[in-house]
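Colleague: Could you take a close look at one part of this model for me, the second largest pocket, and then walk me outward from there into the packing and the strands? Keep it informal, but give me the residues.

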Amino acid sequence: MSFVEQLGLDVPVLQAPMAGVSTPVMAAAVSNAGALGAIGLGAATATTARQMIEQVRAGTSRPFNVNLFVHTTPKGDPACDAAWLAWLQPLFAQYGATAPDTLDAPYTSFADDPDMLRMLLEVRPPVISFHFGLPLPDQVAALRGTGAILLATVTSLAEAHLAEKAGMDAIIAQGIEAGGHRGAFDTTMPDDALGTTALTRLLVRKSACPVVAAGGIMDGAGVAAMLDLGAVAAQMGTAFIPCPESAADAAYRQALSGPAAYHTRLTALISGRPARALASRFTALADQAGRPSTPAYPIAYAAGKALHVAAKACNESGFGAYWAGQGAPLARPMPAAQLVHALKQELAHARAQQR
């Protein structure tokens, strides 16, 4: 049975989990339309995650994906944090606010979260994916025991081989074009920044795992191109952001439909990890001289979120974490189910033209 058949998909498309943007309502709508819906649990506690999964299940009887962050446990560096906050303080002051005194990691890595593992073993979601790294061997064994299909995001062949050895059922080849956080396992190592086309073909040729292509794919023709490279499916995130079911706020949607969509930038300033976002006042800070070292992920995110709250209170949206891929100008505002149907028709049209 093929990967797509295992998931019971009518169209070989996975909606990216997009923590903070994807919602249970959107995931259910995508799955009901014949693709694989997803929710991001990386920013959630086990209790909140359980509630989100229950909400998805209330909306669909079809498979869906839950995504977990497996980032390296950050090491506190008070001196680094203090220098970072001092550098940001003038920006806070512009909005009548004060930078936090200290920073704490807002998210817990799945590798350090036994409560999340216990919850997953109880509720048994059909598909579980991992970002930033791989779970511990005993976690993988426990999750495999539930019958879940396991996926991992990779950005290189070396990471693909690690995912294969860890027992992943498929790998998500995340090209440099992709929006949101790079899924690289170790950000201290050089990043070859492979594009989706090159990475997908490399992994199809050199890895034994089924490959899902991700990054810059916005329509059915893009899906067809990835399938021609040997991918079994395509994962799409930015394409779903303007859907009414997403949690993107009005400022995010407006930015996505404006000039910023043509100028996405890869930056670690917002969260402490490289991530592709719409051009904004926040991404522009990368050009400032004298910038201190950014705190580790997700500690830096605490400062970024606080700055966004302060600025937003003064009607300034330029410090939001508005993640988007390089295909952002091709985003189409429509309901999630309608988008899935459009992708299916476009894919069929692309296939017909090839005959």
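Modeller: Sure, and bear in mind that this is a predicted model. The second largest pocket holds about 430 Å³ of space. It is lined by 21 residues, and the ones closest to its centre are Thr-187, Thr-188, Gly-272, Ala-296 and Tyr-297. Sorted by class, that lining comes out as nine nonpolar, seven polar and five charged residues.

Tyr-297 deserves a second glance, since the peptide bond that leads from Tyr-297 to Pro-298 is cis, with omega near -5°. Pro-298 itself sits in the loop between helix 11 (281-284) and helix 12.

Helix 12 takes us to the packing. In the largest nonpolar core there are 70 residues, and Leu-88, Phe-240 and Leu-278 have the most contacts inside it. Two or more residues each come from helix 2 (24-32), helix 4 (78-94), helix 9 (220-228), strand 9 (233-236), helix 10 (250-256), strand 11 (275-277), helix 12 (299-312) and helix 13 (336-354). Helix 13 gives the largest share, seven residues. Apart from this core there is another one, of 37 residues, with Leu-120, Ile-128, Leu-199 and Val-211 among them. As a general point, nonpolar side chains in soluble globular proteins tend to be buried together.

Leu-278 makes a good example of the contacts. Setting aside residues up to four places away in sequence, Leu-278 touches Tyr-252, Ala-255, Leu-256, Ala-260, Ala-261, His-263, Thr-264, Thr-283, Tyr-322, Ala-324 and Ala-328.

Strand 11 also belongs to an open sheet of three strands, in the order 7-11-10 with antiparallel pairing. Strand 7 (180-181) and strand 10 (265-267) are the edge strands, each pairing on one side only. Strand 10 and strand 11 run antiparallel and are joined by three bridges, and Leu-266 has Arg-276 in strand 11 as its bridge partner.

For a parallel pairing, go to strand 2 (residues 37-40) and strand 3 (residues 64-69), which are linked by four bridges. There, Gly-37 stands opposite Phe-64 in strand 3. Strand 2 is covered on both faces: Gly-37 and Ile-39 are buried on one side, and Ala-38 and Gly-40 are buried on the other. That fits the general pattern, in which side chains of a regular strand alternate between the two faces of the sheet.

In the loop between helix 3 (46-59) and strand 3 you'll find Arg-62. Arg-62 is partly exposed, at a relative accessible area of 24%. Leaving out neighbours within four places in sequence, Arg-62 is in contact with Gly-8, Leu-9, Asp-10, Ser-31, Asn-32 and Gly-34. From Arg-62 to Leu-339 it is 277 residues in sequence and 18 Å in space, C-alpha to C-alpha.

Two backbone oddities to finish. Arg-124, in the loop between helix 5 (114-123) and strand 4 (127-131), has a positive phi of about 55° although it is not a glycine. Phe-132, in the loop between strand 4 and helix 6 (137-144), also isn't a glycine, and its phi is positive too, near 80°. As for their surroundings, Arg-124 is partly exposed with a relative accessible area of 43%, whereas Phe-132 counts as buried because its relative accessibility is 1%, and the cut-off for buried is under 20%.

Terms used
Residues numbered from 1 in each chain as written. Heavy atoms only, no water. 1 Å grid on protein atoms, 1.4 Å probe; cavity = no way out; pocket = protein on both sides within 12 Å on 5 of 7 lines; lining within 4 Å. Points joined across faces, edges and corners; volume = space filled by probe spheres on them. Nonpolar A, V, L, I, M, F, W, Y, C, P; charged D, E, K, R; others polar. Core = buried A, V, L, I, M, F, W, Y, C linked by side-chain atoms within 4.5 Å. Buried < 20%, exposed > 50% of the residue type's maximum accessible area, 1.4 Å probe, protein only. Contact = heavy atoms within 4.5 Å. Pairing = 2+ DSSP bridges.
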